[in-house]
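Thanks for asking me to take a look at this one. Here are my notes, point by point, to read alongside the model.

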Amino acid sequence: MQTLSLFPSLFAYEFLAITLIRVTLGLVFLWLWFRSLRIDKDKAEQIAFFEMVGLRPARLFWGVLSFTKATLGVLFIVGLWTQGAALVAAALMLGAGGIKHLKPQLLPIHNAPFCFVVAAVSLALLFLGPGALAIDLPL
């Protein structure tokens with residue numbers, strides 16, 4: 001069978017490709033979490049954002065956001081509740097991207113395209129499933 005694809009035999013490994021996407025997305029969320037904990041400027045900017053929009057106590061909302069990022073990272077890497085994590089991640093990143101696009105001064109970190117790409121990858125995982133090496137592998 002002739003195809004236009006250069007390496008059609010690689011299509012047999014699509015399950016592993018989905019795993020690579022899922023684990024990479026988990027690493028992105030762990031990186032975002034680590035930055036918010038370890039880089040004082042990022043932490044201060046996030047707390048200032050919550051103060052600006054009137055969400056008080058800002059440190060509590062910052063803590064919830066940090067916990068959410070860490071939890072999403074771990075869930076994606078382990079492959080547990082992938083579809084639920086994908087929904088939360090997509091909503092979080094669409095919200096952040098929308099805020100960044102409409103009012104760039106409110107979110108000094110990241111940029112809107114980054115947020116929208118992470119949201120798109122999260123939504124793709126919602127439909128693709130967890131891939132290989134996951135706890136919530138469909139039966």
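1. The secondary structure of this predicted model consists of 5 helices and 0 strands. Following the chain from its start, the pattern reads α-α-α-α-α.

2. On overall dimensions, the C-alpha trace spans about 60 × 30 × 25 Å along its principal axes. The protein has 139 residues, and 35% of them are buried.

3. Contacts across the sequence may interest you too. Taking the contacts with a separation of 6 or more, 65% join residues that lie 24 or more positions apart.

4. Which residues touch the most other members of the largest nonpolar core? They are L25, F29, L72, F76, M93 and L125, in a core of 24 residues. The elements that each give two or more residues to this core are helix 1 (14–38), helix 2 (40–52), helix 3 (58–78), helix 4 (82–102) and helix 5 (112–128).

5. M93 deserves a look of its own in your viewer. Leaving aside residues up to four places away in sequence, M93 touches F29, F114, C115, V118 and A119. One of these partners, F29, is also listed with M93 among the core residues that touch the most other members.

6. Turning to the surface, the protein exposes about 8700 Å², and carbon and sulfur atoms supply 74% of that area.

7. Finally, the charges: the protein carries 10 positive and 6 negative ones. The mean positions of the two sets are 7 Å apart.

Methods. Residues numbered from 1 in each chain as written. Predicted model: local features only at pLDDT ≥ 70, side-chain atom pairs only at ≥ 80, totals over all residues. Heavy atoms only, no water. Helix = DSSP H or I, 4+ residues; strand = E, 2+ residues; numbered from the N terminus. Buried < 20%, exposed > 50% of the residue type's maximum accessible area, 1.4 Å probe, protein only. Contact = heavy atoms within 4.5 Å. Areas by Shrake-Rupley, 256 points an atom, 1.4 Å probe, with all protein chains shown as cover. Lys, Arg positive; Asp, Glu negative; His and termini not counted. Charge placed at Lys NZ, Arg CZ, Asp CG, Glu CD. Core = buried A, V, L, I, M, F, W, Y, C linked by side-chain atoms within 4.5 Å.
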